[in-house]
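Let's take a walk through this protein together, starting from a single residue and moving on to its aromatic rings. Have the structure open as you read.

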Amino acid sequence: MTGPSASSAPHEEQAADAAWLVVIDPQAIFASPDSAWGSPFFAEAMPRIRELAAAFGERVLVTRWMPTADRSTSWGDYFAAWPFADQPPSDALFALVPEAAPLSPHPTLDLPTFGKWGSEIEAVVGRGARVVLTGVSTDCCVISTALAAADAGAHVTVAADACAGSTAENHAAAVQVMGLYPPQITISDSATVLATR
């Protein structure tokens, strides 16, 4: 873990120490090159995620997207459109990729929604928490989590170079949209985040 920036104000250092790193859905279905939905950019983002996780220590939470059992909602149409993802939660598609397994000492937060913000994550990180988002994919589960977190009053930093999109264009578009929500959402990078630790 690196020390705080010499130019940081005391309250900024305290806020940085209280922040959580949230790693969104580093699962085989989204992160493995063998998956139809595997981001081609996850391998590039993973070393930065690992470096951030080391700096955040025990304040790291990893999430997983799990298939909903409720096919009476629009999720029924979703799984009809993407039958390869319509598998039981125990399927290997939903497991963490091996390099993500040791990132956090906490159990994974498993939810059947793209966005991971809600009462479950607030029970861990607190209401109005400061969080740094990383993970996959930028243009689906990361942006869904960031916007919901901002709505709930969290202070969100997106480490854009530690996120992986479905395509380079979709990653850039999602980052641009999230950047429209200052000061609740700040677009940053892993080096800048690490400099505050």
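In this predicted model, a good place to begin is Ala159, which is in contact with Leu52, Val132, Leu133, Thr134, Ser188, Asp189 and Ser190, once its neighbours within four places in sequence are set aside. Ala159 itself belongs to strand β5, spanning residues 155-164. Is this residue buried or exposed? Its relative accessibility is 0%, and because buried means under 20%, Ala159 counts as buried. You can also look from here towards Leu21: the two residues are 138 apart in sequence, yet their C-alpha atoms are 9.8 Å apart in space.

Now turn to the aromatic rings. The count comes to 15 aromatic pairs. Take Tyr78 and Phe114 as one example: their ring centres are 5.6 Å apart and their planes meet at 65 degrees, so this pair is edge-to-face, the class for angles over 60. Tyr78 sits in helix α4 (residues 74-81), while Phe114 is in the loop between β3 (109-111) and α5 (119-125), so the pair ties together parts that are 36 residues apart in sequence. Phe114 is partly exposed, with a relative accessible area of 23%.

Both of these residues also belong to a wider group, as ring pairs link Phe30, Trp37, Trp65, Trp75, Tyr78, Phe79, Trp82, Phe84, Phe94 and Phe114 into a cluster. Stay with Phe79 for a moment, and you will find the charged end of Arg71 over its ring, 4.2 Å from the centre. For another arginine placed over a ring, look at Arg197, which lies over the face of Phe56 at 3.8 Å from the ring centre.

Methods: Residues numbered from 1 in each chain as written. Predicted model: local features only at pLDDT ≥ 70, side-chain atom pairs only at ≥ 80, totals over all residues. Heavy atoms only, no water. Helix = DSSP H or I, 4+ residues; strand = E, 2+ residues; numbered from the N terminus. Buried < 20%, exposed > 50% of the residue type's maximum accessible area, 1.4 Å probe, protein only. Contact = heavy atoms within 4.5 Å. Phe/Tyr/Trp six-rings, centres within 6.5 Å; stacked < 30°, edge-to-face > 60°. Lys NZ or Arg CZ within 6 Å of the ring centre and 35° of its normal.
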